[in-house]
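Dear colleague,

I am passing on the structure we spoke about, and below it I have set out what was found. Please read the notes with the model open beside you.

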Amino acid sequence: MARLHVLPTATFGAILEAASARPNSDMNGLVSYSALRESTVSRGLSTLGFLGLLKRDSNGRWMFQGDSVPRGVSAAKIRDILRKALLSLREFELICEGLALGEDFSTAIRKVGALAPASDAQALLAMKEIALRLGLLVENADRKIALANEITPTKSGTIPADITNATSHAVARLTVAQVIGREAFDALHENERELLAMGVLH
């Protein structure tokens, strides 16, 4: 099973760039192109696979899932790619729902375990560390974990005009959850959650 590992954004970027430049490469090909250690590439591939950015075929070759990542891509672009991928994970969204309702992080991940029994405790903790690095979560002065302002749902049920494309969809979904209630939101089919979020965005 793929596992999440906390690595520098630049490391993820180098692996994504290698996978995009050398599609269908195996581990050796990606190590050669990225100039990273094999153990580092292995952890990066596991994480990027978990996030849905890379897919491994039956022959052990990796393919980038999405738009190509050009050579020399900016750190900001890699950060946006990782942020969108993390925000698209239902388990991370469940954590955000809890934090938006005022739960502490421990309570939020405990409830994720109840709502998504297949979730892995190690993965949830790694999500927190990655989200902190990507600025989706913040650690307050009292060392409590909270949502970053840009993904905090609005009380008005509308999306601020200046919000970034990378986070607007996540904020829309969290806003719907806040308006109709977490239990009602979680009970909806995924297609229904998406339709309601799109309604908030438009």
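Alanine 100 is a convenient place to begin, since this residue is partly exposed, with a relative accessible area of 27%. Please keep in mind throughout that this is a predicted model. Alanine 100 belongs to helix 5, and once its neighbours within four places in sequence are left aside, its contacts are Leu147, Pro153 and Gln178. Alanine 100 and leucine 87 are 13 residues apart along the chain, and their C-alpha atoms are separated by 14 Å.

The helix that holds this alanine deserves a fuller description. Eight of the 11 residues of helix 5 are buried, so this helix is largely enclosed by the rest of the structure. The buried residues are Phe92, Glu93, Leu94, Ile95, Cys96, Glu97, Gly98 and Leu99, a list in which you will find glutamates beside nonpolar side chains. Just after helix 5, glycine 102 takes a positive phi of about 95°.

Leucine 94, also in helix 5, has a relative accessibility of 3% and therefore counts as buried, the limit for that being under 20%. Apart from its neighbours within four places in sequence, leucine 94 is in contact with Val112, Leu115, Ala116, Arg182 and Asp186. Glutamine 122, by contrast, is not in that list; leucine 94 and glutamine 122 are 28 residues apart in sequence and 16 Å apart in space, taken from C-alpha to C-alpha.

How do helix 5 and helix 7 cross, and at what angle? The axes of helix 5, which covers residues 90-100, and helix 7, which covers residues 121-134, come within 10 Å of each other and cross at roughly 75°. Angles of 65 to 115 degrees count as roughly perpendicular, and helix 5 is therefore roughly perpendicular to helix 7. On the side of helix 5 the residues that meet the partner are Glu91, Phe92 and Ile95, while helix 7 brings Leu124, Met127 and Ala131. Sorted by class, this contact has five nonpolar residues, no polar residues and one charged residue.

As for the aromatic side chains, a search of the whole structure finds zero aromatic pairs. Two phenylalanine rings do, however, have a charged group over them: lysine 128 lies over the face of phenylalanine 105, at 5.3 Å from the ring centre, and the charged end of arginine 193 sits over the ring of phenylalanine 185, 5.7 Å from its centre.

Elsewhere in the chain, threonine 11 and threonine 40 can be taken together. Threonine 11 is in helix 1, which runs over residues 9-21, and threonine 40 is in helix 3, which runs over residues 38-50. With a relative accessible area of 12%, threonine 11 is buried, and threonine 40, at 13% relative accessibility, counts as buried too. Not counting residues up to four places away in sequence, threonine 11 touches Leu36 and Thr40, whereas threonine 40, on the same basis, touches Leu7, Thr11 and Ile15.

Two residues have a backbone angle that you may want to look at in the model. Alanine 35 has a positive phi of about 65° although it is not a glycine; this alanine lies in the loop between helix 2 (27-34) and helix 3, and at 67% relative accessibility it counts as exposed. Arginine 143 likewise has a positive phi, here of about 70°, and is not a glycine either; its place is the loop between strand 3 (137-139) and strand 4 (145-147), and at 63% relative accessibility arginine 143 counts as exposed.

The last residue on my list is histidine 169, which lies in helix 8, residues 165-180. At 30% relative accessibility, histidine 169 counts as partly exposed, and, not counting residues up to four places away in sequence, this histidine touches Glu194 and Leu201. Histidine 169 and leucine 201 are 32 residues apart in sequence, and the space between them, C-alpha to C-alpha, is 7.4 Å.

With best wishes

How values were computed. Residues numbered from 1 in each chain as written. Predicted model: local features only at pLDDT ≥ 70, side-chain atom pairs only at ≥ 80, totals over all residues. Heavy atoms only, no water. Axes fitted to C-alpha atoms, helices over the stretch in contact; angles between N-to-C directions. Helix = DSSP H or I, 4+ residues; strand = E, 2+ residues; numbered from the N terminus. Parallel < 35°, antiparallel > 145°, perpendicular 65-115°, else oblique. Contact = heavy atoms within 4.5 Å. Phe/Tyr/Trp six-rings, centres within 6.5 Å; stacked < 30°, edge-to-face > 60°. Lys NZ or Arg CZ within 6 Å of the ring centre and 35° of its normal. Buried < 20%, exposed > 50% of the residue type's maximum accessible area, 1.4 Å probe, protein only.
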